[in-house]
Amino acid sequence: MPNSWYRVGFSKDLRPGEVKALRYFDKDLVLFRTESGEACIFDAHCRHLGAHLGHGGEVKGEGIQCPYHGWIWEKNGSCNYVPYPHTGCNPNVKIGKWPVAELNGTIFTYYHSEGKAPTWEMPQFPEFYGGEWVSAVQMYKRNVKCSIQEIAENNSDTAHFSHLHGARFGKVLSESLELDGLLRTHIAAYEVQVPMISKLLGINEFHTTYQQYGLGCNRNLVALKANGKTVLEWRLVCMHTPIDKENAEALCVTKLKKFINVPITRLIVELLTKKACEEVDKDAMVWDHKIFLENPPLYKEEHSINQFREWVRHFYTESEEPEQQATISRASATANKN
């Protein structure tokens, strides 16, 4: 599985003192919030005799207490209390503690196949903090039967937009790809051929900036313009998390910049989100049944897939994914010939 930051929950869904059992990265985990409000993620099973802390465990101050024998694991992963006479604690035994970043209303953890610390940080997204943005009530969330890489690759496969999604883009006005370390940004602008929108709002241009932050988060900044002037600004933020190597949890949230007033903005963002969910469902139908081809016949119109597969290599540990690395290299070499 690729090394990256991944969403494991939303901040609003974890109150101080609350405990949740998780299953991601082919591992059992426990998520809890201390009494002071800090979100923590541990390996789920107590290092004493293996009880699952997510089932019956209780937050005690800045740690979590095992439901089996009452051992308390402090937020730094050390055991600070053993309820036996003349014992007190066992500081030499530690439970596995996962890196946590809480921002954008989301709780992220960092997965690395060798347990190494993160080498980069997730950024803040302004639309999660400014009062000028309205969030959709509905969101997209479902489990899919494919690897996290194939979900991330989907947006680089621009050739499927017209056939699977019926996108009616006209002339390409501009297009570029920017690679800044572990951030991949695809920028494009198109003439739109959607009579209804054009007629109502005069919109004739579709501008998109697609940002990929590792393999666990992508953010699409969409601007619908009328003769160069922005009419609507929309954000589609997708946060996908591996359940194991062959299954993932797909999740998307949407936000719209205030347009005229809040009720109108709310109506529009819900309509946009409903449409987005329908389109992601079409992708999920394919993801559930497709296979990863190591040597696909890619053509020059699909150059972005080749670029993505080359970029994604940075997120794999060679000792953990040697076959995947070789697969990506062979696919890239084949694409360069077309």
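Select Trp71 first: this residue is buried, with a relative accessible area of 9%. The model on display is a predicted one, and the tour follows its aromatic rings.

Add Trp73 to the selection. Trp73 is likewise classed as buried, its relative accessibility being 0%. Display both rings and place a centroid on each. How far apart are the ring centres of Trp71 and Trp73, and at what angle do their planes lie? The centres are separated by 6.1 Å and the planes stand at 40 degrees, so this pair is tilted. A tilted pair is one whose planes are neither under 30 degrees apart, which would count as stacked, nor over 60, which would count as edge-to-face.

Proceed next to Phe308 and Trp311. These two residues also form a tilted aromatic pair, with 5.9 Å from centre to centre and 50 degrees between the planes. Show the backbone as a cartoon at this point: both residues belong to helix H5, which spans residues 303-312. Because they are 3 residues apart in that helix, about one helical turn separates them. Phe308 and Trp311 are both buried.

For a larger group of rings, select Tyr6, Tyr24, Phe25, Trp98 and Tyr111 together; these residues make up one aromatic cluster. In total, the structure contains 11 aromatic pairs.

The last two stops concern charges over rings. Select Arg7 with Phe10: Arg7 is positioned over the face of Phe10, 5.2 Å from the ring centre. Then select Lys255 with Phe128, where the charged end of Lys255 lies over the ring of Phe128 at 4.6 Å from its centre.

Terms used: Residues numbered from 1 in each chain as written. Predicted model: local features only at pLDDT ≥ 70, side-chain atom pairs only at ≥ 80, totals over all residues. Heavy atoms only, no water. Phe/Tyr/Trp six-rings, centres within 6.5 Å; stacked < 30°, edge-to-face > 60°. Buried < 20%, exposed > 50% of the residue type's maximum accessible area, 1.4 Å probe, protein only. Helix = DSSP H or I, 4+ residues; strand = E, 2+ residues; numbered from the N terminus. Lys NZ or Arg CZ within 6 Å of the ring centre and 35° of its normal.
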